2 protein chains.
Amino acid sequence: MVFTIWGLKSIQIRFKFDFFSFCLERFHIMSATAAPDYIDVLIIGAGPAGLMLANWLGRCGVKTRIVDKRGSKIYNGQADGLQCRTLEIFDSFGFADQAWKESNHMLEICFWNPDEQGRLRRSGRIPDTIPGISRFQQVVLHQGRIERFFLDSIKEHSDISVERGVLPTEFSFDDAKAADFEDYPISVTLRTLSEEEAAPPQQQQHHRSSTGRETVSDGLFRSNLAADDTNELIQAAEKRNRVDQVELVKAKFLIGCDGAHSWVRRQLGYVLEGDSTDYIWGVLDIIPITDFPDIRQRCAIHSASHGSVMVIPRENKLVRLYIQLQATEHETGGRKADRSWITPEVILQSAQRILHPYKLDYTYCDWWTGYQIGQRVGNEFSLKERVFLAGDAVHTHSPKAGQGMNVSMQDTYNLGWKIAHVVKGYSDGSILKTYQTERRQIALDLIEFDHRFSRLFSGRPAKDILDEEGVSMEEFQAAFEKGNEFASGTAVDYGPSILVAKTDKSHENIVSKSNLATGVLVGKRMPSFKVLNQSDARPWHLQELLPSTGRWRLLVFPGDLTNPETKQRFGNLGEKLGARDSFIRRFTPPSQPVDSVIEVLTVHAGPRISIELQDLPAAFHPYDEKLGWDYWKVFVDDQSYHEGHGQAYAKYGINPAHGASVIVRPDQYVSWVGEMDNYEEMAGFFSGFMKEQTNTKSEE
Amino acid sequence: MVFTIWGLKSIQIRFKFDFFSFCLERFHIMSATAAPDYIDVLIIGAGPAGLMLANWLGRCGVKTRIVDKRGSKIYNGQADGLQCRTLEIFDSFGFADQAWKESNHMLEICFWNPDEQGRLRRSGRIPDTIPGISRFQQVVLHQGRIERFFLDSIKEHSDISVERGVLPTEFSFDDAKAADFEDYPISVTLRTLSEEEAAPPQQQQHHRSSTGRETVSDGLFRSNLAADDTNELIQAAEKRNRVDQVELVKAKFLIGCDGAHSWVRRQLGYVLEGDSTDYIWGVLDIIPITDFPDIRQRCAIHSASHGSVMVIPRENKLVRLYIQLQATEHETGGRKADRSWITPEVILQSAQRILHPYKLDYTYCDWWTGYQIGQRVGNEFSLKERVFLAGDAVHTHSPKAGQGMNVSMQDTYNLGWKIAHVVKGYSDGSILKTYQTERRQIALDLIEFDHRFSRLFSGRPAKDILDEEGVSMEEFQAAFEKGNEFASGTAVDYGPSILVAKTDKSHENIVSKSNLATGVLVGKRMPSFKVLNQSDARPWHLQELLPSTGRWRLLVFPGDLTNPETKQRFGNLGEKLGARDSFIRRFTPPSQPVDSVIEVLTVHAGPRISIELQDLPAAFHPYDEKLGWDYWKVFVDDQSYHEGHGQAYAKYGINPAHGASVIVRPDQYVSWVGEMDNYEEMAGFFSGFMKEQTNTKSEE
């Protein structure tokens with residue numbers, strides 16, 4: 001047999017080692033003998049949450065490995081709604097444009113309900129995304145493409161590669177090492193599966209039924225109606241008695257992005273808390289042949305007595321239908337929460353009953369599955385800020401609202417930069433506590449939203465005002481409209497913490513002055529309006545100036561610089577920021593460019609031609625010996641030649657006669673709003689968690 | 001030696017063939033013995049013009065080969081301005097977004113001139129692109145990236161691949177076959193060069209001067225100051241006496257996109273007519289270190305007595321400087337039109353003198369070159385509509401206006417679909433005559449523009465109103481502003497022809513009624529405003545509905561469909577278009593979808609919710625057995641949820657109470673404007689050059 005010694009990263013020495021194969025039945029014996037691989041972060045699971053994290057850590061240069069038990073990525077079906085906020089995040093990594101281009105855009109939601117004669121009618125239309133809430137609108141794109149964007153991004157910006165068909169089998173945690181963030185408290189044994197073990201049991205063959213309908217693949221194996229197969233995989237692999245593909249990893253951090261059946265969560269003994277319901281839904285991704293008028297709109301359709309359908313139009317002429325299944329006793333044999341009776345034909349027939357008198361059929365089905373509605377949240381998200389859980393490992397719910405993948409990716413978008421800053425020694429470990437405080441609340445909000453939404457959607461429409469068991473269609477539409485802000489992802493509002501200085505005294509002595517920028521809400525993501533580059537007049541959305549590079553940003557809105565007093569205050573701030581002992585310099589490693597940890601960006605109130613960049617203090621447009629002046633740090637709120645006026649000061653609620661400064665986290669959430677020139681408070685905020693670099697290193 | 005028999009496309013049999021090498025000194029002997037490769041189109045030259053054509057023909061499924069004598073593509077320098085119109089064309093092929101994202105956008109032009117004391121001052125600012133002229137603005141991006149977009153596009157959409165290091169060495173034309181467009185009148189012998197022969201003599205090594213300035217590469221070898229090396233390449237290859245890489249190609253069409261020294265042009269005996277001047281210019285692509293305030297703007301700088309500089313800010317912090325060289329006798333040794341004295345240092349020193357008192361230096365130079373201003377146009381663009389010349393092969397001029405690459409790509413954008421339609425048998429050969437009539441006029445306009453522009457730019461500024469030898473700076477700025485429409489590429493207005501039915505009787509009996517759509521000019525490209533998809537409310541720029549697929553489009557603007565009379569007229573048109581013997585059906589091969597040669601798109605005047613797609617005649621949203629109804633053909637001029645109101649009817653100058661129809665060529669130029677329901681005139685227009693498909697083939 002082939003025996004690999006791991007831990008020697010670039011050289012893998014292979015022995016023919018037949019004799020020992022008898023006594024090496026259990027791989028931890030071998031792990032103990034080979035040198036372990038020391039890494040900063042080990043990610044289990046390469047779905048959207050895991051890939052987001054690997055991508056983030058790759059951008060920040062953190063030594064990361066990511067493994068997934070499946071041997072190949074997903075090609076059909078799965079989650080596919082993208083929130084406005086998710087697109088903003090994609091844009092911060094440079095690939096929102098691709099998602100925007102390939103996806104189907106959802107503009108309008110139509111409500112269909114029985115009229116007084118019980119006949120299906122369009123009862124209302126609302127915009128799918130609340131106008132003005134974001135520069136993106138909600139879109140739909142196959143999860144496989146989204147994973148591809150991450151994989152391409154990871155490949156372009158790091159040397160991380162997803163290790164597929166690799167399963168964690170043992171975990172231990174050394175409590176004694178937990179407090180030292182330079183140490184490795186985590187040990188995980190990884191086993192590489194054979195190709196056939198790693199292949200998902202998804203039926204990949206094309207299937208054509210006697211009706212001429214064609215089906216590509218089903219997703220039941222990943223549905224919550226299916227049992228977890230992790231233990232079976234481990235047992236089968238152990239039985240095979242092959243130890244050639246076993247490895248011990250020592251990590252500073254371990255992140256479980258390994259789904260609803262999370263292996264990592266089970267190691268920690270944590271549980272998901274909540275309930276499931278009896279509602280069973282089917283999902284069909286088809287090219288519809290229909291006379292239903294709104295098949296290319298998002299629709300919520302309640303039939304009088306046959307259940308509900310949600311229509312989600314997709315890319316490539318596909319439409320996804322979420323269809324409430326009302327199986328007869330005959331069809332199910334009484335086994336309601338069992339998937340065996342669910343087929344594309346059963347789902348289609350349910351849809352046909354609900355859509356009557358409109359016709360629905362298909363010849364091409366891209367994917368289908370079934371699921372049972374339920375809502376659960378993890379009781380704990382972290383073990384001593386060294387092991388974290390994210391995504392479906394800590395929240396599961398129904399898919400119809402298009403939230404799951406988004407909230408999962410946003411979990412690790414929240415976590416990634418914090419881990420990177422601790423690993424790189426910029427921040428102390430205290431910032432990691434905010435992961436659970438910030439994200440568990442979001443998970444609770446999510447299942448509350450989903451619970452309410454699912455109940456309204458699965459219920460029978462009320463026949464009249466006295467029908468108390470039925471769901472009022474007015475209430476349903478109102479809930480839908482209200483849910484739209486939540487569903488956009490832009491409503492997320494992180495509570496007070498060391499990273500979020502709200503207006504009360506939650507953050508030591510640092511208190512935001514929200515009245516200085518009434519459109520900038522501390523704890524929420526920085527809203528985006530257009531501003532012009534001072535040097536070349538090009539319009540940019542402010543968020544485009546905040547790419548996910550791991551940097552903090554100090555946004556200075558000085559106001560009108562033609563006002564001598566304003567110019568003076570701005571000049572004073574520039575002098576302090578530019579000083580050799582400024583907090584920016586103290587928290588930045590001396591060998592790195594001055595803008596690599598905290599970047600200063602200015603947006604003045606204009607007009608653009610009233611000032612020259614050269615007249616501003618160097619701190620606002622730093623000079624480099626080889627590259628000259630920096631022309632990409634000073635912007636202005638002014639009329640553009642081709643894209644109108646962003647009205648940024650007005651929309652941010654900043655008085656051009658007074659100004660304001662804003663501290664924005666590396667994930668674009670607002671930490672602090674204060675006086676434009678309040679250097680001391682800015683310094684105080686960062687001193688709460690950042691580590692002085694000049695004292696520990698003297699490279700300069 | 002290795003001997004390859006060509007013409008067997010998938011199998012290349014190689015012999016060891018030492019004995020024959022003595023008698024096979026001249027490769028045409030060998031060509032005569034091997035079976036020739038029969039193809040539709042052979043393109044010589046894989047610069048932007050050649051790649052545009054290969055891309056077009058690839059999309060249309062035409063059997064094409066493209067060869068280039070250079071062994072590798074361009075990596076630095078070269079032309080890099082992209083007109084609005086070029087971006088529109090890129091968008092029609094699906095990659096404008098990439099160019100838009102990677103490029104530097106040019107928003108403003110600043111004029112710098114000596115004031116009364118002779119000191120350099122900013123004397124004016126104008127927008128670089130006239131607002132409203134296009135949905136894109138002029139941008140700058142390295143030619144290598146543009147070639148990459150084409151190469152990726154060609155790879156994705158066809159099986160064409162650029163054959164590099166391949167040189168045509170012999171050409172013959174069989175006049176007797178010229179009239180039959182199914183025959184192959186063209187014979188070309190191709191020779192594959194060795195790697196070292198094909199390598200351009202560009203100095204690719206990094207060079208660091210004693211001043212610490214770093215230079216990557218120079219482009220003098222491709223400058224018009226350098227001699228052509230094609231003959232040397234052929235002679236050297238012949239001397240080597242290797243016949244292993246020689247091949248005979250028989251083609252229906254041959255296109256010379258092989259630059260100012262075009263080998264194809266020389267075979268035809270055609271010449272470039274025009275003059276060159278004594279003006280010598282240098283070009284530097286540098287990361288500038290300067291206190292000049294407008295270094296990130298496009299600037300036209302006239303010094304009092306040291307010549308002129310044009311500043312073109314680029315991507316990746318680079319700036320391109322076009323610098324008028326005023327070499328002293330000492331520097332040149334009197335050899336003014338000789339490149340030997342041109343170095344980056346000489347060019348930099350000229351720039352420093354012109355920019356005084358501002359400082360300019362660099363440590364990084366990406367590329368540099370020099371050129372002599374001149375303007376020339378080919379006397380003929382075509383041999384019997386079987387051999388065509390395009391790009392620099394038929395027009396050369398100075399590069400500063402950023403026009404050359406654009407006009408070259410637009411040459412072949414004009415030609416590509418015409419060749420494709422003749423090859424595929426959709427059209428008779430007569431449409432090919434319009435290539436020369438349309439594009440030679442553009443070339444003449446271009447050199448006229450360049451001549452005027454260069455003279456104004458190279459001249460010394462007038463000291464005062466009496467200084468007649470000097471150039472008036474007011475005249476210069478006025479010329480610049482006027483030139484801006486020309487420079488956008490949107491002013492192109494093709495004259496009357498079989499493809500362009502203007503308002504006079506130029507096109508047989510088909511006469512456009514321009515008053516029906518005063519914003520749609522026959523002969524110019526279809527302008528673009530936003531409209532909404534009827535089925536899902538998504539906003540699209542109208543041009544996005546006209547991708548370069550090779551299809552003609554009939555755009556029907558019926559007006560207000562709630563008006564019964566309008567609905568009746570629209571219904572009548574739908575009935576005629578949908579009939580089995582309609583011109584659309586007659587000119588489309590029976591085996592192909594009904595929209596594959598002429599696509600019908602509708603834009604009604606709204607409101608969107610006033611109609612249901614299902615109520616419109618099927619001709620406007622065709623039904624397919626497997627795919628259901630077509631939801632991507634009917635649009636509306638209405639308010640969008642997030643992107644405002646396109647006001648398309650108002651901007652196209654169409655009265656919603658009356659309507660209009662527009663025939664748009666596959667290259668987005670307008671052929672005809674007429675009554676919305678004038679089926680007979682539409683049919684008459686297409687009958688002028690299209691071939692009936694049902695009579696010749698009976699596949700149905």
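Colleague: Let me get the term straight: a polar contact is a pair of N or O atoms within 3.5 Å; within protein, one must be able to donate a hydrogen and the other to accept it, and residues adjacent in sequence count only if both atoms are side-chain atoms. Which side chains make a polar contact with the side chain of Arg320(B)?

Modeller: The side chain of Tyr322(B) does, at 3.3 Å, and so does that of Asp285(B), at 2.7 Å. This is a predicted model, where local features need pLDDT of at least 70, side-chain atom pairs count only at pLDDT 80 or more, and totals for chains, interfaces and linings use all residues. Residues are numbered from 1 along each chain as its sequence is written, chains are lettered from A and ligands numbered from 1 in the order in which they are written, and side-chain values use heavy atoms, with hydrogens and water left out.

Colleague: Is Arg320(B) buried or exposed?

Modeller: Arg320(B) is buried, with a relative accessible area of 2%. Buried means under 20% of that area, exposed over 50%, and partly exposed in between, using a 1.4 Å probe and protein chains only. Arg320(B) lies in strand β19, residues 319–324 of chain B; strands (E, at least two residues) and helices (H or I, at least four) are DSSP runs, numbered from the N terminus.

Colleague: Switching topic, what turn lays chain B on chain A?

Modeller: A turn of 180°, with a shift of 0.0 Å along the axis and an RMSD of 0.0 Å. The two copies are thus related as by a two-fold rotation axis. That fit is by least squares on the C-alpha atoms of residues with pLDDT of at least 70 in both.

Colleague: And which residue of chain B comes closest to the axis?

Modeller: Asp97(B), whose C-alpha is at 4.0 Å. The side chain of Asp97(B) also forms a salt bridge with that of Lys101(A), 3.0 Å from N to O. For a salt bridge, a side-chain nitrogen of Lys or Arg has to be within 4 Å of a carboxyl oxygen of Asp or Glu.

Colleague: How many salt bridges are there between chain B and chain A?

Modeller: Six. One of them joins Glu612(B) and Arg122(A), at 3.0 Å. Glu612(B) sits in the loop between β27 (598–604) and β28 (623–624) of chain B, and Arg122(A) in strand β8 (residues 120–127) of chain A. Glu612(B) is partly exposed at 24%, and Arg122(A) is partly exposed at 25%.

Colleague: How many residues of each chain are in contact there?

Modeller: 50 residues of chain B with 50 of chain A, where contact means heavy atoms within 4.5 Å. The two chains bury about 4300 Å² between them, 50% of it on carbon and sulfur atoms; buried area is the accessible area (1.4 Å probe) that two parts lose on being put together, summed over both. 100% of the interface residues of chain B are also interface residues in chain A, so the copies meet through the same surface.

Colleague: One more: which residues touch the most other members of the largest nonpolar core?

Modeller: Phe90(B) and Met526(B), in a core of 176 residues. Helix α11 of chain B (residues 404–423) gives the most to this core, with 10 residues. Such a core is a set of buried Ala, Val, Leu, Ile, Met, Phe, Trp, Tyr and Cys residues joined through side-chain atoms within 4.5 Å.
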